[in-house]
Amino acid sequence: MKRSKYQRLKEWIDNNQVGFQFTIVVTLVVLCINGLICTTKRADMLKYHHKVVEGTVIGFSLPARSPGVKLLYYFYVDGKLYQNEQIIEGLSTLRCRLLMDKHLPVVYAEGDINNNRLLVFYKDFMDFSVPYPDSVSWIERPLDEP
């Protein structure tokens, strides 16, 4: 009786459990390392080869599985509109409401406009060597301070 490809594969896996498991583990490790390298390259491109434009916050939401707030913003590059969202930790919903329609700097990678980031906190500005404007210092002050 002729066996199907599935039956032959199942038989091979049953006979070669250790080899099969080793192959799966090696494949997963290679994929993880590749993902890490790509993520690091993308972050480095943004940090060291970026341009700064003005963005506008247009909305926010509270993601279900994240401790932060998701800010929705848009910006223009060469007359073309781009929109993105970014999860930011450390912002209350009140601060998010106050950020609505406010203009904040956006950095984007020169070769990849979709690789961008909204600068909200002092640390963000310092990470990208962008001068910290006094007009946004209220974001990090306690709410009862003027």
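Helices here are DSSP runs of H or I, at least four residues in length, and they are numbered from the N terminus. With that in hand, one residue can already be placed: Asp 124 lies in helix α4, and we will come back to it once the rest of the fold is on the table. Please keep in mind throughout that this is a predicted model.

A word on confidence helps in reading what follows. The mean pLDDT of the protein is 84, and 89% of its residues reach 70 or more. That confidence is not spread evenly: helix α2 has the lowest value, at a mean of 72, while β2 has the highest, at 95.

Let us begin with the sheet. Five strands make up an open sheet, and reading across it gives the order β3-β2-β1-β4-β5, with antiparallel pairing. At its edges are β3 (80-88) and β5 (112-118), each of which pairs on one side only. On average, neighbouring strands of this sheet are turned by 40° against each other, direction ignored.

Now step to strand β1, which sits between β2 and β4 in that order. On one side, seven bridges link β1 (residues 50-61) to β4 (residues 103-109), and the two run antiparallel. β1 is also joined to β2 (residues 69-77), again antiparallel, by six bridges. Thr 56 is a handy residue to follow here. Its bridge partner in β4 is His 103, and its bridge partner in β2 is Tyr 74. Moving along to Val 57, you will find that its bridge partner in β2 is Tyr 73. As a general reminder, side chains in a regular strand alternate between the two faces of the sheet.

What about the nonpolar interior? The largest nonpolar core has 28 residues, and those touching the most other members are Leu 71, Phe 75, Leu 91, Leu 104, Leu 118, Val 120 and Ile 139. Two or more residues of this core come from each of β1, β2, β3, α3 (93-99), β4 and β5. In soluble globular proteins, nonpolar side chains tend to be buried together.

Leu 104 is a good place to look at this core from the inside. Leaving aside neighbours within four places in sequence, Leu 104 is in contact with Val 53, Glu 54, Gly 55 and Val 57, and also with Leu 99. Its remaining contacts are Leu 118, Leu 119, Val 120, Val 136 and Ile 139. Val 57, then, appears twice in this tour: as a bridge partner of Tyr 73 and as a contact of Leu 104.

Helix α2 (residues 17-48) includes Met 45. Which residues does Met 45 touch, beyond those up to four places away in sequence? They are His 50, Ala 109 and Asn 115. The contact with Ala 109 brings together positions 64 residues apart along the chain, with their C-alpha atoms separated by 5.9 Å. Met 45 counts as partly exposed, because its relative accessibility is 36%. Do recall, when weighing this part of the model, that α2 is where confidence is lowest.

Charged pairs come next: the structure holds three salt bridges. In one of them, Lys 70 pairs with Glu 85, and the closest N and O atoms are 3.5 Å apart. Lys 70 lies in strand β2 and Glu 85 in strand β3, so this pair ties together parts that are 15 residues apart in sequence. Both partners count as partly exposed, Lys 70 at 23% relative accessibility and Glu 85 at 44%.

Another salt bridge returns us to Asp 124, which pairs with Arg 117 with the closest N and O atoms 2.8 Å apart. Is Asp 124 buried or exposed? It counts as buried, because its relative accessibility is 10% and the cut-off for buried is under 20%. Arg 117, by contrast, is partly exposed, with a relative accessible area of 25%. Not counting residues up to four places away in sequence, Asp 124 touches Leu 118 and Leu 119 as well as Arg 117.

The salt bridge between Asp 127 and Lys 123 has its closest N and O atoms 3.0 Å apart. These two residues are four apart in helix α4 (residues 122-127), which means that about one helical turn separates them. Asp 127 counts as partly exposed at 24% relative accessibility, whereas Lys 123, at 56%, counts as exposed.

How values were computed: Residues are numbered from 1 along each chain as its sequence is written. This is a predicted model: local features need pLDDT of at least 70, side-chain atom pairs count only at pLDDT 80 or more; totals for chains, interfaces and linings use all residues. Side-chain values use heavy atoms; hydrogens and water are left out. Two strands pair if DSSP finds at least two bridges between them. Axes are lines fitted to C-alpha atoms, for helices over the stretch in contact, and angles run from 0 to 180 degrees between N-to-C directions. Buried means under 20% relative accessible area, exposed over 50%, partly exposed in between (1.4 Å probe, protein chains only). Contact means heavy atoms within 4.5 Å. A nonpolar core is a set of buried Ala, Val, Leu, Ile, Met, Phe, Trp, Tyr and Cys residues joined through side-chain atoms within 4.5 Å. A salt bridge is a side-chain nitrogen of Lys or Arg within 4 Å of a carboxyl oxygen of Asp or Glu. pLDDT is the predictor's confidence in each residue, from 0 to 100.
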